[in-house]
Amino acid sequence: KKTAFQGVPATHKRMGFWVWVAVAAVLALVYKLRFKIPFYYNISTALRSFMILYRMPQDKIQAFMDSYDVYTEDAITPENTHKIVDYYYVLNHLCAAGEIEKMYLPPVMHADAGILKNQELYEEKMVKDLDLKRGATVLDVGCGRGRVAAHVARLVPDSKVSGVNIENSQVENANEYAAYCGMADRLQIKRADFNEPLPFDDATFNGIYQIQVMSLCRNGDLKPLCKEMYRVCKPGGRVCFCDWVKLPAFNEQDPRHVDLFKRCKLLIGAVCTPRPEDFIAALEAAGFKMIHHGVPGVDSHQDKMVERAHSFFMAMWSCVKVLVALHILPQFFDVVFNRFNRDGTTLTEGDRENLWTTVYQFVAEKPKSA
């Protein structure tokens, strides 16, 4: 059922300053009390995301709600690609309100560390797996807000990191962040659809990586993108994927597995769901030679990390509902956070039963003789 959204009431607009005092207080409360995170930590980014959502045109909110339909389908097509843009236009701001501004849940690299630290540790491992040296050229496919690309640029001295993303507001945010960090000369983020030819010359990059984006390959076919990566990769260069896959324990004939799977796709924003052997076949068909594959880290299960993220956003939603009830935030905040949090336990259930993982890693190399 479609929801008719109303604009921000005039009374809210007049309250202006006090709206953001209230929201800032709520963010501080959730960060400080729920996870004992200092007040200053990520508050400015989260508050900015709330402001953008607050001022967002209602047709964009409606398009976001409607975009969930695409995750009930089995593949991206030219006809439904616009729904991916509609989805990420809003989603990136929701994720930035918490610990997942990078829009991925990482492997468990350190059992006692939180999401942000495990992201950093995985990215450090990824840079090592790509064998990146000083001055390397690197490509981030599906780079989101460019935070991973910025970290890679910091890890590899004098490197130049390019990124491509399909949604304009994230591209703009990524380039603003690069300028803010003083790395505008080393980070270049472009608007591009990775289901089309990549906008780079042959043999441009020493390393290419993607994190949890290839479920959005057109028609569920991984091979065209792998071939494009092979084309723009230098001989001897490497690729590193970290992505969502079905595992052998998943039974297509088990109604419970199928139901969990369908609801989990809606939660994590996945369309097609390859198995590990599908990635390997696509990489090898493109010409890459596999180096290694598997779930990295100290624990193959992400359940505790998923629970942490879910708990955070449920706490945030509870506070949002109070602010909506007090007429401090408009009603659509409640609706959007409801949709965002729905089926939050499905990823954990499937992860515990080894039905799937979002962090299966593949590392491969383009032969030096190519």
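In which hand, left or right, does α11 pass α12? Left: the crossing of α11 past α12 is left-handed. That pair is my starting point today. One caution before I go on: this is a predicted model.

Some background. The protein has 370 residues, and 57% of them are buried. Its secondary structure comes to 13 helices and 7 strands. Take the contacts with a separation of 6 or more: 78% of them join residues 24 or more positions apart.

Now α12, residues 332–341. Is this helix enclosed or open? Enclosed, largely, because 8 of its 10 residues are buried. The buried ones are F332, F333, V335, V336, F337, R339, F340 and N341. Note that the list includes an arginine, R339, and an asparagine, N341. What covers them? The cover includes α2 (43–55), α3 (58–67), α4 (81–96), α9 (255–268) and α11. I will take two of these helices in turn, α11 and α3.

Two packed helices are described by the angle between their axes and the distance between the axes. So I will give both each time.

First, α11, residues 303–325. Its axis comes within 9 Å of the α12 axis, and the two cross at roughly 160°. An angle over 145 degrees counts as roughly antiparallel, so α11 is roughly antiparallel to α12. Who makes the contact? From α11 we have H310, F313, M314, M316, W317, V320, K321 and V324. From α12 we have F333, D334, F337, N338, F340 and N341. Look at the spacing on both helices. An α-helix has 3.6 residues a turn, so residues three or four places apart point the same way. By class, the contact of α11 with α12 has 9 nonpolar, 3 polar and 2 charged residues. The charged ones are K321 on α11 and D334 on α12.

Next, α3. Here the axes of α3 and α12 are 11 Å apart, at an angle of about 25°. That is under the 35 degree cut-off, so α3 is roughly parallel to α12. The crossing of α3 and α12 is left-handed. On the α3 side, the residues are Q58, I61, F64 and M65. They meet F332, V335, V336 and R339 in α12. This contact of α3 with α12 divides into 6 nonpolar, 1 polar and 1 charged. The charged residue is R339.

What comes after α12? D343 sits in the loop between α12 and α13, which covers 346–352. Just after α12, D343 takes a positive phi of about 60°. Its side chain makes a polar contact with the side chain of R263, at 3.3 Å. Leaving aside neighbours within four places in sequence, D343 is in contact with R263 and L267. Both R263 and L267 fall in the α9 range, 255–268. And α9 is among the helices covering the buried residues of α12.

Last stop: the loop between β4 (205–211) and α8 (223–232). Which residues here have a positive phi without being glycine? Q212 is one, with phi near 55°. N219, in that loop too, has a phi of about 60°. Are they buried or exposed? Q212 is partly exposed, because its relative accessible area is 21%, just past the 20% limit for buried. N219 is exposed, because its relative accessible area is 54%.

To recap: α12 is largely enclosed, with α11 roughly antiparallel to it and α3 roughly parallel. D343 follows α12 and makes a polar contact with R263. That's it from me.

Conventions:
Residues are numbered from 1 along each chain as its sequence is written. This is a predicted model: local features need pLDDT of at least 70, side-chain atom pairs count only at pLDDT 80 or more; totals for chains, interfaces and linings use all residues. Side-chain values use heavy atoms; hydrogens and water are left out. Helices (H or I, at least four residues) and strands (E, at least two) are DSSP runs, numbered from the N terminus. A polar contact is a pair of N or O atoms within 3.5 Å; within protein, one must be able to donate a hydrogen and the other to accept it, and residues adjacent in sequence count only if both atoms are side-chain atoms. Contact means heavy atoms within 4.5 Å. Buried means under 20% relative accessible area, exposed over 50%, partly exposed in between (1.4 Å probe, protein chains only). Axes are lines fitted to C-alpha atoms, for helices over the stretch in contact, and angles run from 0 to 180 degrees between N-to-C directions. Angles under 35 degrees count as roughly parallel, over 145 as roughly antiparallel, 65 to 115 as roughly perpendicular and the rest as oblique. A crossing is left-handed if the near helix is turned anticlockwise from the far one by less than a right angle, and right-handed if clockwise.
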